[in-house]
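Please read the following walk through the structure with the model open beside the text, turning from the pocket to the overall fold and then to the surface.

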Amino acid sequence: MITMLGLLAGTLTTIAFIPQVNRAWRTRSTKDVSLSMFAILLTGVFMWIVYGFAIGDIPVIVANIITLGLVASVIVAKLRFG
């Protein structure tokens, strides 16, 4: 039951980034996206991945690896499109 709760929480917080990623790449505009916020978020997500491996928690690992990719995608769009 606790693992299912973790998987659901991870799924929801991960898919929350999809609209931002889609918008950034579709419009090629990231004017209102804060690079510093996403850089800090990327660092925090990476740390969650390390933590997940340290405690052997699959939901934490999987959700944050996917989130890392989505956050990195927004950062790439920000650097590419300004």
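The lining of the largest pocket draws at least two residues from each of H1, helix H3 (35-55) and helix H4 (58-81). In this predicted model, that pocket holds about 220 Å³ of space, and among the 14 residues that line it, those closest to its centre are Gly-10, Thr-13, Trp-48, Ala-63 and Asn-64. As to chemical character, the lining of the largest pocket divides into 8 nonpolar and 6 polar residues, with no charged residue present.

The helices that supply this lining belong to a protein with 4 helices and 0 strands, and reading along the sequence gives the pattern α-α-α-α. Taken along the principal axes, the C-alpha atoms of the protein fill a box of roughly 40 × 20 × 15 Å. Of the 82 residues in the protein, 29% are buried, where buried means a relative accessible area under 20%.

On the surface, Leu-8, Leu-12, Ile-15 and Ile-18 form a nonpolar patch, and together these residues have about 350 Å² of accessible area. Helix H1, which spans residues 2-15, contributes 3 residues to the patch, the largest share, and Ile-15 lies in this helix, whereas Ile-18 has its place in helix H2, residues 18-27.

How do the two isoleucines of the patch rank in exposure? Ile-15 has a relative accessibility of 42% and therefore counts as partly exposed, because that class covers values between the 20% limit for buried and the 50% limit for exposed. The value for Ile-18 is 35%, so Ile-18 also counts as partly exposed. To place Ile-15 against a residue further along the chain, one may take Arg-26, which is 11 residues away in sequence, while the C-alpha to C-alpha separation of Ile-15 and Arg-26 is 17 Å.

The loop between H2 and H3 contains Arg-28, whose backbone deserves a look when the torsion angles are inspected. Arg-28 is not a glycine, and yet its phi is positive, at about 55 degrees. For context, most residues other than glycine have a negative phi.

Methods. Residues are numbered from 1 along each chain as its sequence is written. This is a predicted model: local features need pLDDT of at least 70, side-chain atom pairs count only at pLDDT 80 or more; totals for chains, interfaces and linings use all residues. Side-chain values use heavy atoms; hydrogens and water are left out. Patches are made of residues with over 30% relative accessible area and no salt bridge: like charges are joined within 9 Å, nonpolar side chains (Val, Leu, Ile, Met, Phe, Trp, Tyr) within 5 Å. Accessible areas come from the Shrake-Rupley method with a 1.4 Å probe; for residues, only the protein chains shown count as cover. A salt bridge is a side-chain nitrogen of Lys or Arg within 4 Å of a carboxyl oxygen of Asp or Glu. Buried means under 20% relative accessible area, exposed over 50%, partly exposed in between (1.4 Å probe, protein chains only). On a 1 Å grid over the protein atoms alone, a cavity is a set of points where a 1.4 Å probe fits but cannot get out, and a pocket is an open set with protein on both sides within 12 Å along at least five of seven lines; lining residues have an atom within 4 Å of a point. Grid points are joined across faces, edges and corners, and a volume is the space filled by probe spheres set on the points. Ala, Val, Leu, Ile, Met, Phe, Trp, Tyr, Cys and Pro count as nonpolar, Asp, Glu, Lys and Arg as charged, and the others, Gly among them, as polar.
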